[in-house]
Amino acid sequence: MSSKPLLVVLATVATLAAHPAAGRDAVDPIRLTWVEGDVAGMTSIFSPDGKSTIGFVEYRQRRRGDMLEAVRIARFSDGSSDEDRATVRVGRTLQTLRGRSIIRNTKGVPTVDMTIDVAGGRITGFSGLGDAREPYDERVELPPGTYWGPLIFIVIKNFEQNAADGRLVFRTVVCTPKPHVIDMELLRQDQRSINRRGGRIDTVHFVLRPTVNWLVDPIIRAFAPDTSFLVQPGAPPALARFEGLRNFAGQKIRIE
């Protein structure tokens with residue numbers, strides 16, 4: 001398998017015309033620099049120090065016309081898993097239509113199952129088990145520029161065409177474990193060199209974090225630590241390393 005992780009090698013086959021980032025609002029869909037195609041593959045999940053393999057990620061991306069379906073399933077050695085699905089319309093922009101997020105415990109039983117209807121502005125599902133299960137059916141404002149799970153790296157890959165002053169803001173839906181709709185900001189940081197098999201590679205460091213004040217919001221504190229992406233520049237850019245939380249439970253992981 002290539003040293004580039006599966007989450008990175010999102011097939012890109014052509015460059016679209018450039019557009020300035022000026023005037024984009026957080027709720028607007030991002031402009032696409034690259035044309036997305038069909039992709040399938042797997043990559044390992046490591047402990048935060050990178051020394052132990054604790055699972056693997058399966059990724060599949062399928063395009064038919066202007067519709068793109070992406071599925072990412074993280075399977076862990078203890079039997080638990082996190083699954084994210086998204087259906088989007090692609091062209092000059094990336095417009096999210098719908099999706100689903102499922103968190104399963106070590107017995108394979110869903111403890112969170114959230115369906116996101118972006119076009120309909122509705123989130124349904126449940127969190128918890130047995131008597132603690134809490135269903136929800138919420139009407140929320142979900143613009144086409146709402147991204148989560150496997151869509152995050154597509155946003156990062158198109159950062160340059162959409163950012164202003166090194167910053168790109170978009171809307172997302174997170175499990176806390178109940179659904180929570182917030183704006184996230186992607187910030188370009190420093191340049192870093194990291195060791196990979198066969199040598200060192202140069203990368204650009206990006207940080208993803210909530211735009212709200214996480215110090216005063218107990219819900220946001222559940223996933224407030226910065227999530228880091230180390231991206232190898234190129235045509236297209238490639239994700240060299242991810243470091244962050246697995247989900248609201250707070251387990252730190254590394255993918256590379």
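The following exercises, each with a worked solution, concern strands, salt bridges and aromatic contacts in a predicted model.

**Exercise 1. Strand E7 and its neighbours**

Task: Determine which strands pair with strand E7, and in which sense.

Solution.
- Step 1. Begin with strand E6, residues 67-76, which runs antiparallel to E7 and is joined to it by 9 bridges. Within this pairing, Met67 has Arg89 of E7 as its bridge partner.
- Step 2. Examine the connection between the two strands. E6 and E7 form a hairpin with 4 residues between the strands, and Gly79 in this hairpin adopts a positive phi near 100°.
- Step 3. Turn to strand E8, residues 93-104, which pairs with E7 over 10 bridges, again in the antiparallel sense. Here Val88 is opposite Thr96 of E8.
- Step 4. Examine the second connection: the hairpin of E7 and E8 has 2 residues between the strands.
- Step 5. Consider the surroundings of E7 itself, residues 81-90. Of its 10 residues, 8 are buried, so the strand is largely enclosed by the rest of the structure.

**Exercise 2. The salt bridge of Arg246**

Task: Locate the two partners of the salt bridge between Arg246 and Asp82, and decide whether each is buried or exposed.

Solution.
- Step 1. Establish the contact: the closest N and O atoms of Arg246 and Asp82 are 2.8 Å apart, which satisfies the salt-bridge cut-off of 4 Å.
- Step 2. Place the residues. Arg246 belongs to the loop between strand E16 (238-245) and strand E17 (252-255), whereas Asp82 belongs to strand E7; the pair links distant parts of the chain, 164 residues apart.
- Step 3. Assess accessibility against the limit for buried residues, under 20%. Arg246, at 16% relative accessibility, is therefore buried. Asp82, at 9%, is likewise classed as buried.
- Step 4. Look for a further contact of the arginine. Arg246 also lies over the face of Phe76, at 3.7 Å from the ring centre.

**Exercise 3. The environment of Glu185**

Task: Describe the position of Glu185, its salt-bridge partner and its contacts.

Solution.
- Step 1. Glu185 is part of strand E13, residues 179-196, and its relative accessibility of 9% makes it buried.
- Step 2. Identify the charged partner. Glu185 forms a salt bridge with Arg167, with the closest N and O atoms 2.6 Å apart. Since Arg167 lies in strand E12 (residues 167-175) and Glu185 in strand E13, the pair ties together parts that are 18 residues apart in sequence.
- Step 3. Compare the partner's accessibility: Arg167 has a value of 38% and counts as partly exposed.
- Step 4. Add the other neighbours. Setting aside residues up to four places away in sequence, Glu185 touches Arg167, Leu168, Val169, Val207, Leu208, Arg209, Pro210 and Thr211.

**Exercise 4. Salt bridges in the whole structure**

Task: State how many salt bridges the structure contains, and give further examples.

Solution.
- Step 1. The count of salt bridges comes to 19.
- Step 2. One of these joins Asp190 and Arg192, whose closest N and O atoms are 3.4 Å apart. Asp190 has a relative accessible area of 36% and is partly exposed; Arg192, at 35%, is also partly exposed.
- Step 3. Salt bridges also occur as a network, which links Glu58, Arg60 and Arg75.

**Exercise 5. Strands E9 to E11**

Task: Trace the pairing from strand E9 through E10 to E11, noting the glycines with positive phi.

Solution.
- Step 1. Strand E9 (residues 110-117) and strand E10 (residues 122-127) run antiparallel and are joined by 6 bridges. Asp113 is opposite Phe126 in E10.
- Step 2. The hairpin of E9 and E10 has 4 residues between the strands, and Gly121 in the turn has a positive phi of about 65°.
- Step 3. E10 is joined by 6 bridges to strand E11 (residues 134-139), and these two strands run antiparallel. Ser127 has Glu134 as its bridge partner in E11.
- Step 4. In the hairpin of E10 and E11, 6 residues lie between the strands and Gly128 takes a positive phi near 100°.
- Step 5. Finally, note a side-chain contact: the charged end of Arg133 sits over the ring of Phe126, 3.7 Å from its centre.

**Exercise 6. Aromatic pairs**

Task: Classify the geometry of the aromatic pair of Tyr147 and Phe170.

Solution.
- Step 1. The whole structure contains 3 aromatic pairs. In the pair of Tyr147 and Phe170, the centres are 6.0 Å apart and the planes are at 55°, and the pair is tilted.
- Step 2. Tyr147 lies in the loop between E11 and helix H1 (152-157) and Phe170 in strand E12, so the pair ties together parts that are 23 residues apart in sequence.
- Step 3. Tyr147 is buried, at 0% relative accessibility, and Phe170 is buried at 1%.

Note on methods: Residues numbered from 1 in each chain as written. Predicted model: local features only at pLDDT ≥ 70, side-chain atom pairs only at ≥ 80, totals over all residues. Heavy atoms only, no water. Buried < 20%, exposed > 50% of the residue type's maximum accessible area, 1.4 Å probe, protein only. Pairing = 2+ DSSP bridges. Contact = heavy atoms within 4.5 Å. Salt bridge = Lys/Arg side-chain N within 4 Å of Asp/Glu carboxyl O. Phe/Tyr/Trp six-rings, centres within 6.5 Å; stacked < 30°, edge-to-face > 60°. Lys NZ or Arg CZ within 6 Å of the ring centre and 35° of its normal.
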